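Please look through the structure below with its sequence beside it, and follow the paragraphs from the surface of the chain towards its interior.

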Amino acid sequence: VQLQASGGGLVQAGGSLRLSCTASGFTFSSATMGWFRQAPGKEREFVSAISRGAGVTRYADSVKGRFTISRDNAKNTVYLQMNSLKPEDTAVYYCAASSGLATTSNMYPNWGQGTQVTVSS
């Protein structure tokens, strides 16, 4: 199983970024995909998840209305569109795969390497 996240970078507050995560080594269309983030000195936290068919999505309260998760099963890729970014969104963002729709990291056995998002004030 490989999950390759990309799209992070440095952006000013109020700006946007789109993260991508390309998967291989498993049946992507059968997996729930999630995004988590970890800021320095903090625990990894749930950001968003999307069901295998993209019919169900979940968001952390802190990102609702600003972030949108989507997936393209033909491309084995999940996306996280992040708008109206805030300095508190600064973190390493990880994509993860699970067999069920979950919002806790222990339900995701497969993880990517992470991509850094830094939002300046």
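Lys42 counts as exposed, because its relative accessibility is 58% and exposed means over 50%. This lysine is found in the loop between β4 and β5, and although Lys42 and Ala91 are 49 residues apart in sequence, their C-alpha atoms are 9.4 Å apart in space. The model in which these values were computed is a predicted one.

From here we can turn to the charged side chains. Side chains of opposite charge can pair when their charged atoms come close. In this model there are four salt bridges. One of them joins Asp61 to Lys64, with the closest N and O atoms 3.2 Å apart; Asp61 is exposed, with a relative accessible area of 65%, while Lys64, at 49% relative accessibility, counts as partly exposed. Another salt bridge is formed by Arg37 with Glu45, and here the closest N and O atoms are 2.6 Å apart. Arg37 is buried, since its relative accessible area is 5%, whereas Glu45 counts as partly exposed at 36%.

How far apart in sequence are the parts that Arg66 and Asp89 tie together? The side chains of these two residues meet in a salt bridge, at 2.7 Å from N to O. Arg66 lies in the loop between β6 (57–59) and β7, and Asp89 lies in the loop between β8 and β9, so the pair ties together parts that are 23 residues apart in sequence. Arg66 is buried, with a relative accessible area of 9%, and Asp89 is buried as well, with a relative accessible area of 0%. Salt bridges that share partners join Arg66 and Asp89 with Arg37 and Glu45 into one network.

A buried arginine without such a partner is found in strand β7, which covers residues 67–72: this is Arg71. Arg71 is buried yet has no salt bridge, and the nearest side chain of opposite charge, that of Asp72, is 8.3 Å away; this pair does not count as a salt bridge because the cut-off is 4 Å. Which backbone oxygen does the side chain of Arg71 reach at 2.8 Å? It is that of Ala31, and the side chain of Arg71 also reaches the backbone oxygen of Ser51, at 2.9 Å. If residues up to four places away in sequence are not counted, Arg71 touches a list of residues that includes Phe28, Met33, Ile50, Arg52, Val78 and Tyr79.

The next topic is the nonpolar interior. In soluble globular proteins, nonpolar side chains tend to be buried together. The largest nonpolar core of this model has 34 residues, and those with the most contacts inside it are Met33, Trp35, Phe67, Val78, Leu80, Met82 and Tyr93. Several strands each supply at least two residues of this core, among them β1 (2–6), β3 (17–24), β4 (32–38), β5 (45–50), β8 (77–82) and β11 (115–120). Strand β9 gives the most to this core, with five residues. Leu80 can serve as an example: leaving aside its neighbours within four places in sequence, Leu80 is in contact with residues including Leu17, Leu19, Trp35, Val47, Phe67, Ile69 and Tyr93.

Finally, we can follow the aromatic rings. A pair of aromatic rings is described by the distance of the centres and the angle of the planes. The structure holds six aromatic pairs. In one of them, the rings of Phe36 and Phe46 have their centres 5.6 Å apart and their planes at 75°, so the pair is edge-to-face. Because Phe36 lies in strand β4 and Phe46 in strand β5, the pair ties together parts that are ten residues apart in sequence. Both Phe36 and Phe46 are buried. Tyr94 and Trp111 form another edge-to-face pair, with 6.4 Å from centre to centre and 80° between the planes. This pair links distant parts of the chain, since Tyr94 is in strand β9 and Trp111 is in strand β10 (residues 110–111), 17 residues apart. Is Tyr94 buried or exposed? At 14% relative accessibility, Tyr94 counts as buried, while Trp111, at 27%, counts as partly exposed. Ring pairs link these four aromatic residues, Phe36, Phe46, Tyr94 and Trp111, together with Tyr108 into a cluster.

How values were computed: Residues are numbered from 1 along each chain as its sequence is written. This is a predicted model: local features need pLDDT of at least 70, side-chain atom pairs count only at pLDDT 80 or more; totals for chains, interfaces and linings use all residues. Side-chain values use heavy atoms; hydrogens and water are left out. Helices (H or I, at least four residues) and strands (E, at least two) are DSSP runs, numbered from the N terminus. Buried means under 20% relative accessible area, exposed over 50%, partly exposed in between (1.4 Å probe, protein chains only). Lys and Arg count as positive and Asp and Glu as negative; His and the chain ends are not counted. A polar contact is a pair of N or O atoms within 3.5 Å; within protein, one must be able to donate a hydrogen and the other to accept it, and residues adjacent in sequence count only if both atoms are side-chain atoms. Contact means heavy atoms within 4.5 Å. A nonpolar core is a set of buried Ala, Val, Leu, Ile, Met, Phe, Trp, Tyr and Cys residues joined through side-chain atoms within 4.5 Å. Rings of Phe, Tyr and Trp (its six-membered ring) pair if their centres lie within 6.5 Å; planes under 30 degrees apart count as stacked, over 60 as edge-to-face and the rest as tilted.
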